[in-house]
Amino acid sequence: MPLRRIYLWMLCLGIIMLLVVACGGGDEGASAGGDEAGSGGGGDVTEVDPATAGKISGKVNFEGTAPEPELIDMSAEATCSEKYPDGAYTEKVVVNDNGTLANVFVYVKSGLEGKTFAPPSEAAVLDQVDCHYIPHVLGVQTNQPVVIRNSDPFLHNIHPQPQNSRPFNIGQPKQGMETEKTFPAAEIMIPVGCDVHGWMAAYIGVVDHPYFAVTGSDGSFELPNLPPGDYTIEAWHEEYGVQEMNVTVGEQQSATADFTFRGT
Amino acid sequence: MGVFENVSTYGAQVDSLYLLVLIVTGVAFFLVEGVLIYFLIRYRHREGHRAMYTHGNRRVEIVWTVIPGFMLFGLAVYQYSAWTQIKIDRPNEAEAVVLSLEAEQFEWYAAYPGSDGELGTDDDIGSPVNVIHVPVNQPVIIRLTARDVLHSFFVPVLRIKQDAIPGTTIPVWFEATQPGEYEIVCAELCGLGHYRMRAFLTVESETEFQAWLAEMAAR
Amino acid sequence: MSKQKATPSHDGNVAHDGAHAHEHPPLSFWRKYVFSTDHKVIGIQFLFTALFFFTLGGLLALLIRTQLAWPWEEIPVIGSLFYAESGGIMLPENYLALMTMHGTIMIFFFIIPVLSGAFGNFLIPLMIGARDMAFPVLNMLSYWVIVPAFLVLLAAFFVEGGPPAAGWTSYAPLSALPDMVPGSGTGQTLWLVSLILVGTSSIMGAINYITTIVMLRAKGLTMFRLPMTIWALFITAVLVTLATPVLASALIMLLLDRTIGTHFFLPDGGGHPVMWQHIFWFYSHPAVYIMILPAMGMASDIIACFARKPLFGYRPMVYSIMAIAGLGFIVWGHHMFVSGMNPTLGLAFMTSTMMIALPSAIKTFNWLGTIWRGDLHLTAPMFNALAFVSTFVIGGLSGVFAAATPVDIFIQDTYWIVGHIHYVLFGGSLFGVFAAIQYWFPKMFGRMMDDRLGKWHFFLTFISFNLVFFPMFILGAYGMPRRVADPYEYQLFAPLQPLNQFMTISAYVLGASQLILGYNFIWALVRGPKAAQNPWYANTLEWVAPSPPPHGNFETIPVVYRGPYEYASPLVTADYLPQHQQLDGLEPAVETKPVQKTAISPASR
């Protein structure tokens, strides 16, 4: 075969390589951790019988003196500091008017052994608004889609630091951008921060069942649709640590569990 | 340069050096390119014309080696004093406003000495993130460092730039001549937020500066 | 490969007489075309591989320019292909990966392989009258070591975290810590491995080139009768041999810091980040001369040929290349003026850097002297070679600003530097490569490229190139930083967006213009007119061999009687006098300005 034709073949090979890189390079940078689909649990999904299901509900009270809220100076990010004419404060300890504690993550720690639950298809949303996260504490189920949205008109980066899943770090430069991730392993709790706005902090609690809640402005929580049994539930707060409680839920029973965290 | 205002005492020197290099290289540029284009037209192929047979000219070689050589060497030596003034010499710390500046992905953290006059002690006054204030017409010394990777402190209107290195503290000095709020640019690739690692330098009167310091100390 | 010893006729330049000097058993397809030890085949393997990476690197550049024109806008077609997860827009970490891979690919996988690997391999034995390199098997290995390097680097696009994003300069600690930027995981490690392989390939080639040029020159071919192409490749090979091992050690140290917990460049543990810069730039500054010297040599030969005139100042030209190479080892600190290096060193490096402009200036004057009173045939290769000179001058002059340390405080890490490097590398080396491809294509492939297409390609490229890169000096004077995915976040640089958009449009034109060259190249391979043995009526020895040369290159090894630049010689009526042509001494001298039709007629359509 004349040499020239060999060179033509080599050229064709080169063009094919170019196309392969072009098409295959579609994964470029996309798979930055945390989004491998989990195995979805090994066994059959547990069906909860509504005829027998009960629930646990309660309040998280706060006693004592709440610490002085810390002021955040956002003057370097004018678009955000304008939104807080009375000042922006950290959300480390948020005590409600009725003496209850917000942003407490409550979940079933044990009692569900042997049961598997399908992750909901509905996504949980973590939004970045006016340079803070909404919500401050988010609960999700393993492999549930988590949509992280940037509602601010400038760069935030999502930088969670999980221990049990792969950490990731993704820039969101544009307003309205959404990134979808999943967490394949349970963890209490994953800190989330933004490197561009260091005061931003949120926590994500990942459990492999749907029985979790975050207390809101009335300090209450509810874990409905729970099969009857003996459970240990845990309440987590970022400043005051964790507290456990054993609760038994009978058929169709609404059990109450109240927690009290004390300030110094 | 010259494109923005210059608000630094040594900025004018930097700008005039830029201008000098611009003139020298500009003349060289027009000369060389002009000659090139002229030759292209003048000596393009014409029927019956033969090139001149010459292998060179020693005298011309010497001339165009020695003259540019002296010019280049002179240009270098001429700039020694400006460089020395900006990067080697420093005002006395006792007569300057001293602050520490730490860069970390992707924010700048400044701190001022408290009433004990020392940096690195408990009564240091922290500045809000990405904010630095300095008084006008006074020498300022910044103790620059980084906490994680390389960053670089660049203030275009001051004509100063210095890389921030983790594990090392580098003193950077300047004296601002005009009040105002100026942008600080991170000039060394430091990660995905590099493009937005922006801070603000406020230059203000001594009174305003002290008032601001007091307000920060109270927080 | 142990069969090598059984076929002595492959061992370099064993003197052969006779029509065909090689009696050996016919080689299999694999030994003949894939794992060939013939320097011409290896050279062309390097050429095609390098051109593939040139295309890839160029496409990455267009993406970079797109982001700088319209940050965070959805990119048509490409956005849905590569950035679907983020809604068709590029993320900041993608931008950093793009510019890292653009620089890495263009430097290590295009320019160095095309100049030293492709043209070095193809031309050296031919121009010195040898049958092949001194070490043909080592030569074959040098290509097949670089192939895994390519594959490893391409793999970096596909791994988790994506390609490295710390720039082609890969400063520590950003590159040393695995979680500082997406891409500083596996991608960065693959980058390091790939570059270690590339360095190995380079050193293998360099050893071969030095030995071949020193030992295998034809009879009568003294060192000062070598064409500038060979001098440049020779000195470049010396640079490669001395500098590349330093890069390899830096890469290995960084790899160790990343994997087994050493602290060469990490301050926690006693290391120093600036040490990476010192070791890296100690190689990478000579590297930029590795990237330009061969192009300078080739431009000299091409200009002399198409000016039909001897090279002006041959010895000063040779000494200038040596001076550039030597001084190139003592200027590396000019990349580090604001790095935190001892500022007193700034004075020393400013001085040495200013002085290294001098040999380049001398060369420029000599090129002008070559075309002065010449008989200029403005073919496509000539245009490209002259563009090399004119844009290299701009690149070099812009470097004087950077050498001026007080000015460099401002322009370091801004677009001034990006403009400077692209003027010397694109304007310089790349136009040199365009000239060399079109000039030596007939010898490589036995066909002629179309000269008119070549001129179209040239003019479109030259104009759009200047429109893209000259404004970078304006951006740099504004202080617009490099490696920044969206400079318009700063009020200082927001007004620069329209200029950036103009540059991006020009970049699209620049990219599209390369299609003309690609079309010309492929068309010529398939249907180009057959080339004569010496279509440019040049003097050097490669034109003695047939187009293309057979295995073994020359029927009879030529003997050399003179230097390579005897154009317009008074000894003959023709306007050229090849190195190997024997004159019987009785030919009368001819006046220097006879009425003669000169012999060049490049194929044109």
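Begin by selecting chain A of this predicted model, where, among contacts between residues at least 6 apart in sequence, 68% join residues at least 24 apart. With chain A still selected, colour it by secondary structure, and you should find two helices and 19 strands. If you then shade the chain by burial, buried residues make up 39% of the 264 residues in chain A.

Next, hide chain A and display chains B and C together, so that you can look at where they touch. How many residues of chain C are in contact with chain B? There are 90 of them, and they are in contact with 73 residues of chain B. On the side of chain C that touches chain B, the elements giving two or more residues are α4 (92–128), α8 (273–290), α10 (314–327), α11 (343–371), α12 (380–403), α13 (405–411) and α16 (471–478) of chain C. Which of these gives the largest share? That is α11(C), from which 17 residues come. If you colour this side of chain C by residue type, its residues divide into 58 nonpolar, 20 polar and 12 charged.

Keep α11(C) in view and add helix α2 of chain B, residues 58–78, whose axis comes within 9 Å of that of α11(C) and crosses it at roughly 155°. Because angles over 145 degrees count as roughly antiparallel, α2(B) and α11(C) are described as roughly antiparallel to each other. The crossing of these two helices, α2(B) and α11(C), is right-handed.

Now show the side chains where the two helices meet. From α2(B), select B:W64, B:T65, B:P68, B:G69, B:L72, B:F73, B:L75 and B:A76, which meet C:M350, C:T351, C:M354, C:M355, C:A357, C:L358, C:A361, C:I362 and C:F365 in α11(C). The residues of this contact divide into 14 nonpolar, three polar and no charged.

For the last stop, stay in chain C and move to helix α14, residues 415–445, where C:F431 is found. Is C:F431 buried or exposed? It counts as buried, because it has 26 C-beta neighbours inside 10 Å, and 20 or more are enough for a residue to be called buried. Leaving aside residues up to four places away in sequence, C:F431 touches C:N384, C:A387, C:F388 and C:T391. To finish, draw a distance from C:F431 to C:F46: these two residues are 385 residues apart in sequence, and 18 Å apart in space, C-alpha to C-alpha.

Terms used:
Residues are numbered from 1 along each chain as its sequence is written. Chains are lettered from A and ligands numbered from 1 in the order in which they are written. This is a predicted model: local features need pLDDT of at least 70, side-chain atom pairs count only at pLDDT 80 or more; totals for chains, interfaces and linings use all residues. Two residues are in contact if their C-beta atoms, placed from the backbone, lie within 7 Å. Helices (H or I, at least four residues) and strands (E, at least two) are DSSP runs, numbered from the N terminus. Ala, Val, Leu, Ile, Met, Phe, Trp, Tyr, Cys and Pro count as nonpolar, Asp, Glu, Lys and Arg as charged, and the others, Gly among them, as polar. A residue is buried if 20 or more other C-beta atoms lie within 10 Å of its own, exposed if 12 or fewer, and partly exposed in between; C-beta atoms are placed from the backbone. Axes are lines fitted to C-alpha atoms, for helices over the stretch in contact, and angles run from 0 to 180 degrees between N-to-C directions. Angles under 35 degrees count as roughly parallel, over 145 as roughly antiparallel, 65 to 115 as roughly perpendicular and the rest as oblique. A crossing is left-handed if the near helix is turned anticlockwise from the far one by less than a right angle, and right-handed if clockwise.
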